[in-house]
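Welcome, and take a moment to look over the structure before reading on. The paragraphs below walk through it one part at a time.

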Amino acid sequence: DQVHVIGHGPAVFLEAVAAGDAIVYKVRYTDGTQDSVSPKEVLASEVRPRADSSTSSPPPTNRGFASTASASIAMNNSPGSSMASHNLLASPRGPRQLEYLGRAFDDSRRSIATPSATFSLVATMVGGGVLSLPYAMSQCGLVFGTISLLVAAVASAWTLDMLVDCARATGRDSFELVGHAAFGEFSRKATVALVFAICWLTKVAYFVLLTDLFVPLVYLAFPSVHRSADEDDTAVRRVVACMGALLLSPMCFKSSLSSLKFACFASVGSVVVVAAAVGFRTAQTLGQEHTVQVDTQSILVQAQYHLWPSDWPKALYAFPMFGVSFLCHFNALPTHQELQRPTRYRMRRVIVTTLSLTSVIYLFVGLTGYLYGGCYTCGNILLNFGPDDHLIAVGRGALGMVLMLNFPLICQPCRNALFRLLLGCGWLQGVAAEADSSAPEFPSTQENGSFLLEVTSSPPLRAPEPPLPRVSENARSPPMVRSPPQSRSGPSSPGTQRAMVHVYRRQDTRGGRGMHPPAVSSLEAFDSFMPKDETVQQGAAEPTTLQRCVLTAVLLSSSLLVSVSLKSIMVVWSVVGSTVCFLIAFILPACFWYKVVGTTAAPWRRRAALALVGITSILSLACFVLACLNLNEPPCPVVDNPQCAALAHPESVSIIALGAKAQQGVTA
């Protein structure tokens, strides 16, 4: 059974032993060391009777868990009672009414307000992937595509809340450390591998996107190149990709990119420019027959569109694009750590606002792009516009420059993840990270956040042993307890800064509209301690200069070689979405939550989490198979597109017909 020891954090209760006239509890900390502590220093969970329990229990009151805790103490001290009784329901991680913050509630380093946190997550989501949403909408149809996008947004908001819940239940504010808390070292390494995979695949996608964006600009600047490459532009695309790699390489080899930390925000502005340009061109041709660019040809498109998928395998092939668009799960937990006054209500408001704003942007781009391209919508909507369209050229240039600035920001975490994988396997040795006076107080534990500790019931103690003390939710907050010297866990190495975890009552950090602002502006900690888990406390190792250069060169060249062999960006997004995205955005957060929090959650929430894991796992497998079968998918539909011939189907809709019907209704 796990308990919370005042000043030392979580521990496993081993046994109660007699020490003269007193009783002491023997516990084992997370680093494996054992100690004997006074019962006054130990906090255990309240034990609640089940609804079908034959033992009488007091009626529910508005006093929270205090009444149930008192009833549990009485039952545990009654003759023949046992804390291991099947009629008792216990929390598996400690007093559930306590929450822990790695950074204090009013820490000065918590400098991000709610609007800034929202914009940061929006900037993380919105990028080059928005250009492929019109293609996904064209394959899924107007109705099914809209439903799929909104379902993906709701599911992403749900799993983001799951991750925050896990962070507040384990003390770790990074995807990697939450995985370690849930399933151990193997899970931590697996999450690092996923970080590497998604960053490397994103680099491949960026190379393909940069080629799609800059090749038309090259044609616009040099018409002779366009005329010579009318039939096959493969050579031009490869030259443009290699030139882009040469321009990007100096920034990719740097060890620090602090000067580019705000470049991701420019991506929002560039996407808005592209969306405005596409929307303007769509408004000009709405309800009319018009020509679109398909490869090197101009095709006449009718104003008719599908409401539902005409080809379900193609719809399933494009479906992962909706999940990729809302992927920001690695950045949500650091945002939670930096948020001012980190109540649950404020963090959930950030998540809901972020997903709402991005959904509006995605719906606008997806619908307007499909309304313009129709059945000939390309995997990159800008390919449906000719190189001589100056308005679209402005959008291409803006988005291309932003992607070039963001590329090094993707290269750095990719390199660091690969280095950590090689370091964990023993194939490389790094150097200790140098201290930076301008950095936060404990950089290696910036990924620590709030956590809950709740424990299961223990075997019956011997007769003279008192019950473990409980914590009442409506009890007054005691003065802050400082951590005693860390003699029990060994002294820290000289010059090493260790993280402090601050304990608060959950009812004080819950937040909400009904709370008066001063009530949550500053809180006094219930307790504080230093985490003993070496996975959290270990110093960050960095690659040497030679290792950094070799790893960067390998990653840059490998992603470039793969990108020049791909013709369509949808191939990359489909592979990323069907594998890494489903794992990061849906499967793993639900598994982590079920392991860490689910044992104390309502049964319907546990079943819902398992259902999410099952459904997304099946979808991931099906989409991955289709992605493998469509690796040679062209960037734009073929001219003799069967889907366009199917527009005569009753499930297709004509914008002209809808407009005529609406006008007739107004006249009547």
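Let us begin with strand β8, where L98 and Y100 point one way while E99 and L101 point the other way, and all are buried. Buried here means under 20% relative accessible area, with exposed being over 50% and partly exposed in between (1.4 Å probe, protein chains only). Strands (E, at least two residues) and helices (H or I, at least four) are DSSP runs, numbered from the N terminus. A word on the background: this is a predicted model, in which local features need pLDDT of at least 70 and side-chain atom pairs count only at pLDDT 80 or more, while totals for chains, interfaces and linings use all residues. Residues are numbered from 1 along each chain as its sequence is written, and side-chain values use heavy atoms, with hydrogens and water left out.

Now find the sheet that β8 belongs to. It is an open sheet of three strands in the order β8-β13-β14, with antiparallel pairing. Because β8 (98-101) and β14 (527-529) stand at the edges, each with a single partner strand, one side of each is left without a neighbour in the sheet. From one strand to the next, the twist averages 25 degrees; axes for such angles are lines fitted to C-alpha atoms, for helices over the stretch in contact, and the angles run from 0 to 180 degrees between N-to-C directions.

How are the strands joined? Two strands pair if DSSP finds at least two bridges between them. Four bridges connect β8 with the antiparallel strand β13 (residues 501-505). Following them along, L98 has R505 in β13 as its bridge partner, E99 stands opposite Y504, and L101 is partnered by H502. On to the next pair: β13 and β14 are antiparallel and share three bridges, with V503 standing opposite D527 in β14.

Strand β13 deserves a closer look. Five of its five residues are buried, so β13 is largely enclosed by the rest of the structure. V501, V503 and R505 point one way from the strand, and H502 and Y504 point the other way.

Next, turn to helix α4 (residues 142-170). Its 29 residues reach 42 Å from the first C-alpha to the last, close to the 42 Å expected at 1.5 Å a residue; that expected span is 1.5 Å times one less than the number of residues. Of those 29 residues, 21 are buried, so α4 is largely enclosed by the rest of the structure. After the helix comes G171, whose phi is positive, near 80 degrees.

Some of the surface is also worth finding. V151, which sits in α4, joins I147 and W308 in making a nonpolar surface patch of about 270 Å². Patches are made of residues with over 30% relative accessible area and no salt bridge, where like charges are joined within 9 Å and nonpolar side chains (Val, Leu, Ile, Met, Phe, Trp, Tyr) within 5 Å. The areas come from the Shrake-Rupley method with a 1.4 Å probe, and for residues only the protein chains shown count as cover.

For a pair far apart in sequence, look at F592 in helix α19 (residues 569-596). F592 has a relative accessible area of 0%, so it is buried. The C-alpha atoms of F592 and M162 are separated by 8.2 Å, although the two are 430 residues apart along the chain.

Finally, consider the charged side chains. The structure holds nine salt bridges, a salt bridge being a side-chain nitrogen of Lys or Arg within 4 Å of a carboxyl oxygen of Asp or Glu. One of them joins E176 and R188 (2.8 Å, N to O). E176 is in helix α5 (residues 175-183) and R188 in helix α6 (residues 185-221), so this pair ties together parts that are twelve residues apart in sequence.

R188 also meets E185 in a salt bridge (2.5 Å, N to O). Both lie in α6, three residues apart, about one turn of the helix. R188 counts as buried at 13% relative accessibility, whereas E185, at 34%, counts as partly exposed.

Another salt bridge links R237 and D212 (2.8 Å, N to O). R237 lies in helix α8 (residues 234-252) and D212 in α6, so the pair ties together parts that are 25 residues apart in sequence. R237 and D212 are both buried. Salt bridges that share partners also join E176, E185, R188 and R420 into one network.
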